[in-house]
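The following exercises introduce a protein structure to a reader who has not met it before. Each task is followed by a solution that proceeds step by step.

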Amino acid sequence: MSIIDNRKAFHDYFIEEKHEAGIVLEGWEVKAIRAGRANIKESYVVIRDGEIFIFGMHITPLTSASTHVRTDPTRTRKLLLHAHEIDKLIGKVERAGFTLVPLDLHYSKGRVKATIGLAKGKKQYDKREDDKKRDWEREKQRLMRVKA
């Protein structure tokens, strides 16, 4: 079950691989995500000291959050992966010129997980080509409906 998708990532990058990662969250953040108050559109993933972190993920706190909890909507959150997965990702990011982008947040066995993608950036002409393909598919579907 997907909670939030990052459609902008698919527009700006070619996604080569996908990995599922756990996220270190606080209680109020989980409640806010379940209420659909999260945004990963402008977020990005960084590798520091052999650990993976997500920056810029905005989680708007609920108004019913506790008074004793300090809420920081854009705090840095750690992603949880196995060590061999992290090593593989570090090698590809440093050598092959890939980048890591968050693709979506979803539930897996009752837990909130993030899908991160190993991606290469698209050029402007690649984006235009994708738009042309999408428009043609839409037009084709419209023509098929009219004929039927």
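## Exercise 1: The start of a helix

Task: Classify Ala83 as buried, partly exposed or exposed.

Solution. The relative accessible area of Ala83 is 55%. The cut-off for an exposed residue is over 50%. Ala83 is therefore exposed. The model in which this value was computed is a predicted one. Ala83 lies in helix α3. Along the chain, Ala83 and Gly50 are 33 residues apart, and their C-alpha atoms are separated by 8.5 Å.

## Exercise 2: The helix as a whole

Task: Describe the length of helix α3 and state which of its residues are buried.

Solution. Begin with the extent: α3 covers residues 83-96, which makes 14 residues. Next, compare the spans: from first C-alpha to last, α3 reaches 19 Å, close to the 20 Å expected at 1.5 Å a residue. Then turn to burial: Ile86, Leu89, Ile90 and Gly91 are the residues to list as buried in α3. The buried residues of this helix pack against five strands, namely β2 (13-23), β4 (44-48), β5 (51-55), β8 (99-108) and β9 (111-121). Finally, look past the end of the helix: Gly97 follows α3 and has a positive phi, near 75 degrees.

## Exercise 3: The nonpolar core

Task: Determine how many residues the largest nonpolar core has and which elements give two or more residues to this core.

Solution. The largest nonpolar core has 27 residues, and Ile33, Ile59, Leu79 and Leu105 have the most contacts inside it. Two or more residues of this core come from each of β2, α2 (27-34), β5, α3, β8 and β9. Strand β9 gives the largest share, four residues. A general tendency may be recalled here: in soluble globular proteins, nonpolar side chains tend to be buried together. For a closer view, take Leu79: beyond residues up to four places away in sequence, its contacts include Ala21, Ile23, Val45, Phe53 and Ile116.

## Exercise 4: Two residues compared with the cut-offs

Task: Classify Lys127 and Val46 by their relative accessible areas.

Solution. Lys127 is found in helix α4 (residues 124-147). Its relative accessible area is 17%, and the cut-off for buried is under 20%. Lys127 is therefore buried. When neighbours within four places in sequence are left aside, Lys127 is in contact with His11, Asp12 and Lys122.

Val46 is found in strand β4. The relative accessible area of Val46 is 23%, so this residue is partly exposed. With neighbours within four places again set aside, Val46 is in contact with Glu51, Ile52, Phe53 and Phe55. Val46 and Lys78 are 32 residues apart in sequence, with a C-alpha to C-alpha distance of 9.8 Å.

## Exercise 5: The overall picture

Task: Summarise the elements, dimensions, surface and charges of the protein.

Solution. The protein has four helices and nine strands, and from the N terminus on their order is β-α-β-α-β-β-β-β-β-α-β-β-α. The C-alpha trace spans about 60 × 40 × 30 Å along its principal axes. There are 148 residues, of which 34% count as buried. Among contacts with a separation of 6 or more, 69% are between residues 24 or more positions apart. The accessible surface is about 9800 Å², and 49% of this belongs to carbon and sulfur atoms. As for charge, there are 31 positive and 22 negative side chains, and the centres of the two sets lie 4 Å apart.

How values were computed: Residues are numbered from 1 along each chain as its sequence is written. This is a predicted model: local features need pLDDT of at least 70, side-chain atom pairs count only at pLDDT 80 or more; totals for chains, interfaces and linings use all residues. Side-chain values use heavy atoms; hydrogens and water are left out. Buried means under 20% relative accessible area, exposed over 50%, partly exposed in between (1.4 Å probe, protein chains only). Contact means heavy atoms within 4.5 Å. Accessible areas come from the Shrake-Rupley method with a 1.4 Å probe; for residues, only the protein chains shown count as cover. Lys and Arg count as positive and Asp and Glu as negative; His and the chain ends are not counted. The place of a charge is taken as NZ of Lys, CZ of Arg, CG of Asp or CD of Glu. The expected span of a helix is 1.5 Å times one less than its number of residues. A nonpolar core is a set of buried Ala, Val, Leu, Ile, Met, Phe, Trp, Tyr and Cys residues joined through side-chain atoms within 4.5 Å.
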